[in-house]
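User: Hi! I am new to reading protein models and would like to go through one with you. Could we take it step by step?

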Amino acid sequence: MKYITGIEAYTGKKKTAVTLGKFDGLHRGHQKLVDKIRGYASEDCETVLCAFDMHRESIMTNRERKERLEGRIDWLINCPFTEKFRQISAEDFIREILCKTLRCAHVVVGKDFAFGHGKRGNVEMLKRFSEEYGYTVDVIEKERYGDMVISSTYIRDALAQGDVKLAEELLGYPYAFTGIVRHGRQLGRTLGFPTMNIEPEKYKILPRYGVYACRVRIDGQWYNGVGNAGVKPTVTDERRRLFEVYAYGYEGDAYGKEATAVFCDFERPEVKFATVEELKDRVMRDMQYGEEFFAGK
């Protein structure tokens, strides 16, 4: 898969099957669009996904999107939503971007796809221009979970409630993040349970602040763990977002290393305790909860 930033960097010469959108999370609804363009793939037709980068808190980072799409499509284009891009008229978007630059033979979008300055473009306009420019249009129905439409907003709401199990159902995979292990106050080490402080990327959403059963990948190995997502209000006023994890059985030096944390289950919200002793007592119970959770699995 070729990964580029900006549609102007596209250099493909073949006809394409294109899908476009924010693709924040690549949830089960997004995956239907990906599957559809993959169905058009051939020696003469490459698959292209254009992800509009809105520069805000996200369910998925650009790197995570790239990793999840690797080997599934031919081109992944990260499209920064600049002012210049915002000013492109809907007609020019079809003519200059879809047809002239991307050489589209097939366009695959969701029912509510909008594009161009003022969002004047919609699926009806795509269909209206399709005969003139010689491409097909597939409009994909929304994926549902029960009676609810799966959307990035729905997933954000689930994460805000700490409902990582629902988020996993909507995404089609567990919610996770990757970050660098940072130095902390080493309080856990002095209390007898050394932890690692994993710092998420700037715009990556952490779920509801609190304690979770989790899986952690460090040094190429996976460990069961229990961790607190939040700002550790009992021991610091920094307000720095971290996921402080105790990984059962890990004995290495994690500082400065990259770690991935997968959220499995929510136990309780983050609390500011009156004393460090109260914190220690609660953490011991959290660790027991984690052991029982994974024993039950």
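User: Why is β11 largely enclosed by the rest of the structure?

Analyst: Keep in mind that this is a predicted model. A residue counts as buried when its relative accessible area is under 20%. In β11 (210-218), most of the strand meets that cut-off, so the rest of the structure largely encloses it: the count of buried residues is seven of the nine.

User: Which strand pairs with β11 over nine bridges?

Analyst: Two strands pair with β11, so let's sort them by their bridges. With β14 (258-269), the pairing is antiparallel and has eight bridges. The other partner also runs in the antiparallel sense, but over nine bridges, and covers residues 221-230: it is strand β12.

User: What is the bridge partner of valine 216 in β14?

Analyst: Valine 216 is a nice residue to follow, as it has a partner in each neighbouring strand named here. In β12, its bridge partner is tyrosine 223. In β14, the partner is alanine 261.

User: Which residue takes a positive phi in the hairpin of β11 and β12?

Analyst: Look at the link between the two strands, which has two residues. One of them has a phi near 55°, and that residue is aspartate 219.

User: Which elements give two or more residues to the lining of the second largest pocket?

Analyst: This pocket has a volume of about 470 Å³ and is lined by 23 residues. Nearest its centre lie Glu64, Glu67, Ala176, Thr178 and Thr260. The strands β11 and β14 turn up again among the contributing elements, and the full list is α2, β9, β11 and β14.

User: How many charged residues are in the lining of that second largest pocket?

Analyst: Let's split the lining by class. Twelve residues are nonpolar and three are polar. The charged ones number eight.

User: Which element gives the most to the lining of the second largest cavity?

Analyst: The structure holds two cavities of 30 Å³ or more, and the second largest has a volume of about 50 Å³. Its lining includes Glu64, Glu67 and Thr178, residues that also lie nearest the centre of the second largest pocket. Two elements give two or more residues to this cavity lining, α2 (62-69) and β9 (176-182). The one that gives the most, with three residues, is α2.

User: What is the volume of the largest pocket?

Analyst: Among the 36 residues lining this pocket, Gly21, Lys22, Asp112, Phe113 and Ala114 are the closest to its centre. By class, the lining has 14 nonpolar, eleven polar and eleven charged residues. The volume of the largest pocket is about 830 Å³.

Technical notes. Residues are numbered from 1 along each chain as its sequence is written. This is a predicted model: local features need pLDDT of at least 70, side-chain atom pairs count only at pLDDT 80 or more; totals for chains, interfaces and linings use all residues. Side-chain values use heavy atoms; hydrogens and water are left out. On a 1 Å grid over the protein atoms alone, a cavity is a set of points where a 1.4 Å probe fits but cannot get out, and a pocket is an open set with protein on both sides within 12 Å along at least five of seven lines; lining residues have an atom within 4 Å of a point. Grid points are joined across faces, edges and corners, and a volume is the space filled by probe spheres set on the points. Helices (H or I, at least four residues) and strands (E, at least two) are DSSP runs, numbered from the N terminus. Ala, Val, Leu, Ile, Met, Phe, Trp, Tyr, Cys and Pro count as nonpolar, Asp, Glu, Lys and Arg as charged, and the others, Gly among them, as polar. Buried means under 20% relative accessible area, exposed over 50%, partly exposed in between (1.4 Å probe, protein chains only).
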